[in-house]
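I opened this one to go through its aromatic rings and its nonpolar packing. These are my notes as I went.

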Amino acid sequence: MTRKYFGTDGIRGKVGVAPITPDFVLKLGWAAGRVLARHSQGSRTRNLVIIGKDTRISGYMFESALEAGLVAAGLDVTLLGPMPTPAVAYLTRTFHAAAGIVISASHNPFDDNGIKFFSSRGTKLPDELEREIEAEMDAPMQTCDSRGLGKVTRMLDAEGRYIEYCKSTFPLDANLDGLRIVVDCAHGATYKVAPAVFAELGATVIELGIEPDGFNINQDSGSTAPEGLARAVREHRADLGIALDGDGDRLICVDDSGALVDGDELLYIIAAEQQRATGVCGGVVGTQMSNLGMEVALRELGIPFARARVGDRYVLEMMEEKGWRLGGESSGHIICRDVTTTGDGIVSALRVLAAICASGQSLRALRSRVTKFPQTMINVRVARRTDIGGNATIGDAVRAVERALGDRGRVLLRPSGTEPVIRVMVEGHDAAQVEQHARELADVVRSAAA
């Protein structure tokens with residue numbers, strides 16, 4: 001059974017357009033409550049769901065709708081207010097709740113929103129549970145008897161709990177004294193907690209993106225628009241800059257020159273420091289989009305590398321299969337499995353800062369050990385679903401490019417999990433050749449999907 005509503009990262013779309021409407025979210029809360037209540041029977045989890053959100057204006061509306069649906073199904077609800085996605089995962093675990101729910105569209109603009117679920121372990125819901133929830137959506141909504149209705153409370157100290165958790169992941173024998181850091185919170189869910197974490201560990205913090213108004217989340221700021229961060233780092237002569245996205249699960253940095261340091265380079269820095277500190281890193285899980293340059297750099301350190309499907313849920317699955325502690329995506333979703341269960345921008349930044357402190361080197365010096373291969377990705381918008389693997393024309397074009405690149409490059413075509421787009425990626429040593437091949441393949445895909 002395929003999923004009707006859930007994508008690779010929950011349910012996401014334009015506010016007011018199905019399924020991101022108040023009536024749908026009300027029914028979703030009820031359906032999820034019914035399924036979670038069944039699975040909680042006889043388990044050690046509480047009949048409780050924790051709800052957090054980012055700072056977009058529609059969050060109030062969907063928070064109320066989810067709350068009503070869950071309570072109608074007999075579950076208790078604890079509201080966190082604006083909190084980073086990884087904070088919801090953490091608090092779901094520590095409160096032994098049946099699930100956590102985040103109302104967020106991550107790095108998307110304010111007029112999008114979405115709903116994503118965490119299991120009682122603080123991981124993404126298994127596919128089978130998502131399918132159960134979708135099946136329950138087809139049933140008529142029935143409210144519990146009044147004696148069985150859930151109750152709603154608000155967690156007033158959620159920010160403090162999460163700040164202390166983040167600080168606990170930083171080495172006890174280190175501090176950030178003397179470091180000057182620009183922190184861009186994208187006017188999103190980390191706007192209070194992120195500056196506090198780094199300041200309480202001793203850094204001098206210059207704050208950006210900390211004035212959310214419901215409409216400016218991710219607007220010209222954060223991990224998807226780091227240009228302002230780079231300017232601020234140069235203007236303030238800071239040691240580095242940290243950019244988070246709207247819900248706080250992504251991290252992108254810039255070094256003291258203002259140069260971008262992406263998720264692949266950050267993964268390498270964290271892995272190299274783990275190996276230096278403990279003598280062994282185990283291995284690193286990336287994705288099909290991870291740059292070949294990182295893979296080569298890790299290989300030179302003797303650190304195994306494997307590629308999962310794109311999506312942090314698939315990265316985590318492979319990490320668990322292999323027993324590895326570190327994985328992530330080029331976009332900056334980084335999972336440090338020894339301390340967390342999902343991508344956490346603040347925790348990942350602390351791991352990078354720990355490497356800087358331990359080595360005595362700058363971020364610029366640490367990232368210089370990775371020589372990235374030129375990579376071009378083109379998003380081809382399509383009007384209809386196209387079977388990429390079964391299309392002979394596309395297949396012939398891909399094989400021709402692969403022959404031209406040989407063992408010094410690679411090709412990847414994949415449909416987006418959240419929008420009607422096919423991503424065409426080509427990677428190799430020669431930037432001009434890579435761009436030419438990518439444009440040619442994009443034209444082939446565009447024609448085949450017309």
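How many aromatic pairs does the count come to? Five aromatic pairs, by the ring-centre rule. Note to self: this is a predicted model.

**Entry 1, Tyr5 and Phe24.** I took this pair from the list and looked up its geometry. The ring centres of Tyr5 and Phe24 are 4.8 Å apart with the planes at 65°, so I logged the pair as edge-to-face, since over 60 degrees is what that label takes. Next I checked where the two residues sit. Tyr5 is in the segment before β1 (11-14) and Phe24 is in helix α1 (residues 22-40), which puts them 19 residues apart and makes this a link between distant parts of the chain. Buried or exposed? I found Tyr5 partly exposed, at a relative accessible area of 24%, whereas Phe24 counts as buried at 11%.

**Entry 2, Phe6 and Phe117.** Here the ring centres are 5.9 Å apart and the planes are at 55°, so this pair goes down as tilted. Phe6 is in the segment before β1 and Phe117 is in strand β5 (residues 112-118), so I wrote down a separation of 111 residues, again a link between distant parts of the chain. What is the relative accessibility of Phe6? I got 6%, which counts as buried. Phe117 comes out at 4% and is buried as well; the cut-off for buried is under 20%.

**Entry 3, a cluster and two charges.** I also noted one aromatic cluster, formed by Tyr90, Tyr162 and Tyr165. Then I looked for charges over rings. The charged end of Lys53 sits over the ring of Tyr60, 3.9 Å from the ring centre. Arg309 does likewise with Tyr314: its charged end is over the ring, 4.0 Å from the centre.

**Entry 4, the cores.** Which residues have the most contacts inside the largest nonpolar core? I have Phe198, Ile242, Ile346 and Leu353, in a core of 66 residues. Helix α11 (residues 345-359) gives the most to this core, with nine residues. I picked Ile242 for a closer look. Leaving out its neighbours within four places in sequence, Ile242 has contacts that include Ile181, Val182, Val183, Asp184, Phe198 and Leu229. Also on the contact list of Ile242 are Leu251, Ile252, Cys253, Ala349 and Leu353. Apart from the largest core, I found another of 34 residues, among them Ala32, Val35, Ala65 and Met137.

Key: Residues numbered from 1 in each chain as written. Predicted model: local features only at pLDDT ≥ 70, side-chain atom pairs only at ≥ 80, totals over all residues. Heavy atoms only, no water. Phe/Tyr/Trp six-rings, centres within 6.5 Å; stacked < 30°, edge-to-face > 60°. Helix = DSSP H or I, 4+ residues; strand = E, 2+ residues; numbered from the N terminus. Buried < 20%, exposed > 50% of the residue type's maximum accessible area, 1.4 Å probe, protein only. Lys NZ or Arg CZ within 6 Å of the ring centre and 35° of its normal. Core = buried A, V, L, I, M, F, W, Y, C linked by side-chain atoms within 4.5 Å. Contact = heavy atoms within 4.5 Å.
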